[in-house]
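Biologist: I'd like to learn how to read a fold like this one. Could you walk me through it?

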Amino acid sequence: MKVVCSVELLILSLPFLRVADVRSRLAFLGRRKSCSGIYGNSLEKALRNNRPSTGEVLKWAESLEALLTNQYGLAMFRHFLKSEFSEENLDFWLAVERYKNTRPFSKMAARAETIYNEFISANGVNVDSFVRESTNQSLQFGVSPTSFQQAQDQIFTLMESDSYQRFLKSRLYTQLANQDSGMTSELPN
């Protein structure tokens, strides 16, 4: 597979990863979500860059915002969520971030409909019924950059209290955080 081969080349500079482990665990890089293109290959992009320092990795534990604003951290978090089959909340949050920056504004309605159909109406993300209905009403009155704000805030809070906390306790994060101490040997599940 072409993507895995390119990942193999990229990880040669990462001493704590073994090619065989990465090949077996990163098969998802060859897949794309066709309808929205939000999955992409962020782990491969992150691996092209130098591995972050231990200090950078430790900053990810300060807040979910710090993790999500770091390209490598975001890729690691996505990899972790994919391993748990729970990446839909992150996908929604990122889709809304891109939606907020949609230009020209005439494209917002189509993107809003796509996000709503994929994540809100299909019960793709876990928002309460009040937020679901409020988002629906907001979109009926006209789209704006804040149309999904309540839902995005609720999903962020859910990620912050749940999946982010599990990520910080995961072998993936702890091995990255302890890389200078020589404790890292492979990319965990």
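**Reading the fold**

Modeller: Sure: 47% of the chain's 189 residues count as buried, meaning under 20% relative accessible area with a 1.4 Å probe, protein chains only. This is a predicted model, where local features need pLDDT of at least 70, side-chain atom pairs count only at pLDDT 80 or more, and totals for chains, interfaces and linings use all residues. Numbering starts from 1 along each chain as its sequence is written, and side-chain values use heavy atoms, with hydrogens and water left out.

Biologist: How many helices and strands does the chain have?

Modeller: 12 helices and 0 strands, taken as DSSP runs (H or I, at least four residues, for helices; E, at least two, for strands) numbered from the N terminus.

Biologist: And how do I read a pair of packed helices?

Modeller: In general, you describe them by the angle between their axes and the distance between the axes. Here, α9 (residues 129–140) and α10 (residues 149–161) have axes that come within 8 Å and cross at roughly 150°. Axes are lines fitted to C-alpha atoms, for helices over the stretch in contact, with angles from 0 to 180 degrees between N-to-C directions. The two helices are therefore roughly antiparallel, the label for angles over 145 degrees.

Biologist: Which residues make the contact?

Modeller: F130, V131, S134 and T135 of α9, with Q150, A151 and Q154 of α10; contact means heavy atoms within 4.5 Å.

Biologist: What does F77 touch?

Modeller: Leaving out residues up to four places away in sequence, F77 touches L64, L67, L68, L90, M159, S163, Y164 and F167.

Key: Parallel < 35°, antiparallel > 145°, perpendicular 65-115°, else oblique. Buried < 20%, exposed > 50% of the residue type's maximum accessible area, 1.4 Å probe, protein only.
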